[in-house]
Protein chains: 2
Amino acid sequence: MRHIYAERVNYMKNSAIRELLKVAEQSHVISFAGGLPAPELFPLSEIRESYAQVLGAGDPSVLQYGTTEGYLPLREELSAQMHSKGIQTDADNIFLTNGSQQGLDLIAKLFINPDDLVLLQNPSYLGAIQTFRSYQANFEAIPTNEAGIDDIALELTIKLNRPKIIYLAPTYQNPTGTTLTIEERKTVLRIASKYGVPVIEDDPYGELRYDGPALPPIRSFSTEDEVIYLGTFSKTLAPGLRLGWVVAGKSLIAKLLAAKQGTDLHTSTLLQRATHYYLTHFNANEHIETIRQSYKERRDIMLAELKENFSNQAIWTEPTGGMFIWLTLPEQYDTVNLLPSALAGNVAYVPGAHFFVDGGSYSSMRLNFSNPTPLQIKQGIKLLANIL
Amino acid sequence: MRHIYAERVNYMKNSAIRELLKVAEQSHVISFAGGLPAPELFPLSEIRESYAQVLGAGDPSVLQYGTTEGYLPLREELSAQMHSKGIQTDADNIFLTNGSQQGLDLIAKLFINPDDLVLLQNPSYLGAIQTFRSYQANFEAIPTNEAGIDDIALELTIKLNRPKIIYLAPTYQNPTGTTLTIEERKTVLRIASKYGVPVIEDDPYGELRYDGPALPPIRSFSTEDEVIYLGTFSKTLAPGLRLGWVVAGKSLIAKLLAAKQGTDLHTSTLLQRATHYYLTHFNANEHIETIRQSYKERRDIMLAELKENFSNQAIWTEPTGGMFIWLTLPEQYDTVNLLPSALAGNVAYVPGAHFFVDGGSYSSMRLNFSNPTPLQIKQGIKLLANIL
């Protein structure tokens, strides 16, 4: 039977990098393409112990239907964590999701009519672009100049084009690894607030800080729930759990609740109970410090290799945290066309063009340094240099 | 900040029975209102062992990002289970979801444009109505007469109104507990197929059979992927896991994949691995048989109590499986208005009106027999009779 789909299906594409990742995951390829954490750092035994404890306590409610907003003690714990980042909130401002990707989807579902405008960093996280596109959003880039976000152009853009929502990842952004300054954070909030445009602050990488100051989230400057903050356990604990959270005003939480009820009822009770056990019985901060040290070493090695192999032919970001470096070759290079050669040479990256909503730069690429080992980084960057 | 939401938000309502369930869950209330399995039957120790084994094998990939369609060995296992029900399929026809509710949501996202028509049983599962409504669907009832589904009226309805999709739960349906005959199943498929309308076959209760024959799923008669089958572990294993699956044609699976990528990337890797361990190392059929025996006893007690207390004033369904009995009082009764008295008398039900897309019957109610204990059922039905 040939199906007649809804109009929005025309805007849903399988991730362009999915096929690429399949090739890149072959064992002989050194892959800088994925966005995966280092699996050897997952706290397997602590998570095992957490599940064993909550399933061994003789309380069957850990396997029963749960509330749509999430397990209260976990929301309280997350609320306390948010306080430590300067975000004033209580448990009723926290809403549990299946990873922050579901937070994005529910927010898009609540806000985006077909042809509504989303204002975002360009390049941006591909998964966010996909989600907004599936609700038939249009896009425009947050204007920038040499100094960063161009506040005059931003205000003009908002005034003229009335975006429905602003999406950004201010800290160690995917794909570029760059971070907005405090001034830029305050500027975005001030202008968005003036025109009543909510800001989605996506913060999957904030904990992965290697040097430079810990900058306060935009939500910490927000006084009227203008900012919807998205957090996740995918980078600090493990992505295979699928657990994230939204911080938002209570009226929006009520809407998220109605949306999630129809979407999947609630997030796994057992997962929330086990994660709560982990957070309250193990030293999560110590574990994050271990991740930080390991990823910092990998970042440093990648930067050193880039310096040694690419100094005369490319420029790149020097992120103070996160999982990605953004490399830009001279304009005549096309990283989409170069990719088959790279794969043939057993090294993979993601062409930068995939992260732009308007075509964008064809000479850039995203390089992940969290998943490959230090040795793979050394070998892989040399391979890449030889191929290019 | 006051938010301006998308138009679809006007169609999203918090579940009408959510507030009711909060009251009904107070410990002094005997609740026939929920749709919960009996928690004392959850296989806690087997699930504990399954998580311990997959987390204890030293394989960190159980916590890594996974594929959107789901863990292949689990899809293979489910494919084999589907074969045993007469559904010809292979692993590539199986798509894992966060409970069957997410299957419904993804299908609605793929098919429903605003004002598209969904043809469904009336009354129907409230969660399905909510989901379709959130995509701004309109509804029409599958026509019935004294003999069941009215095939002439059904064909006329489809011909005239061109529904986008047909939704039904043919086996031990929520809320009525009724089951479509083989002839009705074939009739629906024949007519739907003739007019190219896909059928969603929602089957959460099929395994909970107490007497009567095991009827083949509609999908087992389907030759051209006309039927999208939804399965779940919520009633046979535990709902707090949040794991379900879709059986569909491969072209639809590809669309589901694109939709789920933007929705939440994939279903928990750990959950899928642990569930696969459970299915391949424990006797799931034996466990389901235990559930069957227990629920059958509760159903029999509820039917006996209804006979003793309601014979002269009401009629009710006598389901051969599932979790619900549908009670209809004389027309002058309004179960919505009577509910506060029932709650004050420490017994709860769900008014039937909530399950109709067009107002429907105000003299009916849904009674759950899987969650209350046999003693509670005896006491509760007597309480209810006294109040009414």
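## Chain contact, domains and strand β10 of chain A

The contact between the two chains takes 65 residues from chain A and 65 residues from chain B, where two residues are in contact if their C-beta atoms, placed from the backbone, lie within 7 Å. This is a predicted model, in which local features need pLDDT of at least 70 and side-chain atom pairs count only at pLDDT 80 or more, while totals for chains, interfaces and linings use all residues. Residues are numbered from 1 along each chain as its sequence is written, and chains are lettered from A and ligands numbered from 1 in the order in which they are written.

On the side of chain A that touches chain B, the elements giving two or more residues are α2 (44–56), α4 (99–111), α5 (126–134), α8 (250–264) and α9 (269–281) of chain A. Helices (H or I, at least four residues) and strands (E, at least two) are DSSP runs, numbered from the N terminus. The largest share of this side, nine residues, comes from α8(A).

Chain A is superposed on chain B by a rotation of 180° with 0.0 Å of shift along its axis (RMSD 0.0 Å); the fit is by least squares on the C-alpha atoms of residues with pLDDT of at least 70 in both. That is the relation of a two-fold axis. The same surface serves both copies, since 100% of the contact residues of chain A recur in chain B.

Chain A itself is divided into domain 1 (7–43 + 286–387) and domain 2 (44–281), with bounds from an automatic or database domain assignment. Their C-alpha centres lie 24 Å apart. In the contact between them, 32 residues of domain 1 of chain A meet 34 residues of domain 2 of chain A. On the domain 1 side, α10 (284–310) and β12 (324–328) of chain A each supply at least two residues, and the largest share, six residues, comes from α10(A).

The table gives both sides by residue class. Ala, Val, Leu, Ile, Met, Phe, Trp, Tyr, Cys and Pro count as nonpolar, Asp, Glu, Lys and Arg as charged, and the others, Gly among them, as polar.

| Side | Nonpolar | Polar | Charged |
|---|---|---|---|
| Chain A, touching chain B | 31 residues | 23 residues | 11 residues |
| Domain 1 of chain A, touching domain 2 of chain A | 17 residues | nine residues | six residues |

Strand β10 (residues 244–247) of chain A pairs antiparallel with β2 (residues 94–97) of chain A over four bridges, and two strands pair if DSSP finds at least two bridges between them. I94(A) stands opposite V247(A). Strand β9 (residues 227–232) of chain A is also joined to β10(A) by four bridges, in the antiparallel sense, with T232(A) as bridge partner of G244(A).
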